[in-house]
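Here is a walk through one chain, going from strands to a few single residues. Have the structure open while you read.

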Amino acid sequence: MIRVLLVHDACLVRSVLADWLRREPDLGVYDTPWRSAPGRVRSVRPDVCAVDLDCSDAYGLPPLGELGARAGGAGRPRLLVLATASRPGLLKRAIEAGALGYVDKAGSPDRLVRGIRRVAEGERFVDDSLGFGFLKAAEMPLTRRELSVLSLAAEGASVAEIAGSLHLSHGTVRNYMAAITRKTGARNRIDAIRISQGEGWL
């Protein structure tokens with residue numbers, strides 16, 4: 001039996017998808033929103049975490065690093081992400097978190113089942129339709145930390161709020177914003193947000 005933890009913030013979608021996955025006799029399926037995911041990983045001890053990268057909680061940045069370990073390290077589940085090619089910034093975070101599986105949310109549910117089984121065996125699974133997203137992720141000039149800062153800024157957070165959320169000094173946040181503006185070729189913070197959203201980095 002493969003123990004699967006489905007992480008998705010939309011309750012209706014999560015419940016329907018979990019019920020659909022439970023039809024598979026070799027899958028033991030649990031589900032949770034993002035805010036409860038780290039705790040559920042500890043209690044359920046799943047083999048695979050199947051996670052939707054779009055997070056409605058704090059500023060839309062899912063805590064992927066808290067859910068799994070690279071290549072399913074000791075005692076940690078392997079990560080499989082539900083993604084879209086239009087959000088390469090989130091794909092880059094998943095790559096950095098060591099996700100083994102990448103399933104296109106626009107694809108068939110059967111692909112998700114296949115991905116879960118492959119990832120549970122320690123094998124990589126990637127939908128071909130996500131290729132463009134991976135190319136854009138590779139081209140993205142912003143680091144993970146810069147992306148976190150910019151994402152908070154895009155939600156309207158002030159320098160002080162960003163600093164508090166990421167445990168940084170105000171000066172460090174300003175330095176990050178200056179680097180982001182330079183790397184994106186923007187005129188200012190608002191322009192950097194516009195460019196990054198247009199490129200699908202946010």
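## Strands first

Let's start with strand 1, residues 2-7, which is mostly covered: five of its six residues are buried. Keep in mind throughout that this is a predicted model.

Strand 1 has company. Strand 2 (residues 27-32) runs parallel to strand 1, and six bridges join the two. If you want a spot to check by eye, look at Val7, which stands opposite Thr32 in strand 2. To get from strand 1 to strand 2, the chain goes through helix 1 (residues 11-21), and this β-α-β crossover is right-handed.

Strand 3 also pairs with strand 1, again in the parallel sense, this time over four bridges. Here the place to look is Val4, whose bridge partner in strand 3 is Val48.

## The annotated aspartate

Strand 3 covers residues 48-52, and Asp52 is found in it. Asp52 is also the residue covered by a UniProt annotation, from an unreviewed entry, that reads "modified residue: 4-aspartylphosphate".

Is Asp52 buried or exposed in this model? Its relative accessible area is 3%, so Asp52 is buried, the cut-off for that being under 20%.

And what does Asp52 touch, once its neighbours within four places in sequence are left aside? The contacts are Val7, His8, Trp34, Leu82 and Lys105. Val7 is a name we have already met, as the residue opposite Thr32.

## One aromatic pair

Searching the whole structure turns up one aromatic pair. The partners are Tyr102 and Phe134, arranged edge-to-face, with 5.0 Å centre to centre and 80° between the planes. It's a link between distant parts of the chain: Tyr102 sits in strand 5 (residues 101-104) and Phe134 in helix 5 (residues 131-139), 32 residues apart.

The two rings' owners differ in how covered they are. Tyr102 is buried at 2% relative accessibility, while Phe134, with a relative accessible area of 21%, is partly exposed. Why does Phe134 not count as buried? Buried means under 20%, and Phe134 has 21%, so it goes down as partly exposed.

## Cysteines and disulfides

How many disulfides does a search of the whole structure find? Zero. As for individual cysteines, Cys11 is partly exposed at 48% relative accessibility, whereas Cys49 is buried at 0%.

## Two positive phi values

Now for a couple of backbone oddities. Arg45 has a phi near 50°, which is a positive value in a residue other than glycine. You'll find Arg45 in the loop between helix 2 (37-44) and strand 3. His167 is not a glycine either, yet its phi is positive too, at about 60°. This histidine lies in the loop between helix 7 (159-166) and helix 8 (170-184).

Are these residues buried or exposed? Arg45 has 57% relative accessibility and counts as exposed; His167 has 72% and is exposed as well.

## Accessibility side by side

The table gathers the values for the single residues discussed above.

| Residue | Relative accessibility | Class |
|---|---|---|
| Asp52 | 3% | buried |
| Cys11 | 48% | partly exposed |
| Cys49 | 0% | buried |
| Tyr102 | 2% | buried |
| Phe134 | 21% | partly exposed |
| Arg45 | 57% | exposed |
| His167 | 72% | exposed |

Notes
Residues numbered from 1 in each chain as written. Predicted model: local features only at pLDDT ≥ 70, side-chain atom pairs only at ≥ 80, totals over all residues. Heavy atoms only, no water. UniProt positions renumbered as here; feature names shortened; annotations may be inferred. Buried < 20%, exposed > 50% of the residue type's maximum accessible area, 1.4 Å probe, protein only. Contact = heavy atoms within 4.5 Å. Disulfide = S-S within 2.5 Å. Phe/Tyr/Trp six-rings, centres within 6.5 Å; stacked < 30°, edge-to-face > 60°. Pairing = 2+ DSSP bridges. Right-handed = clockwise from strand over helix to strand, strands pointing away.
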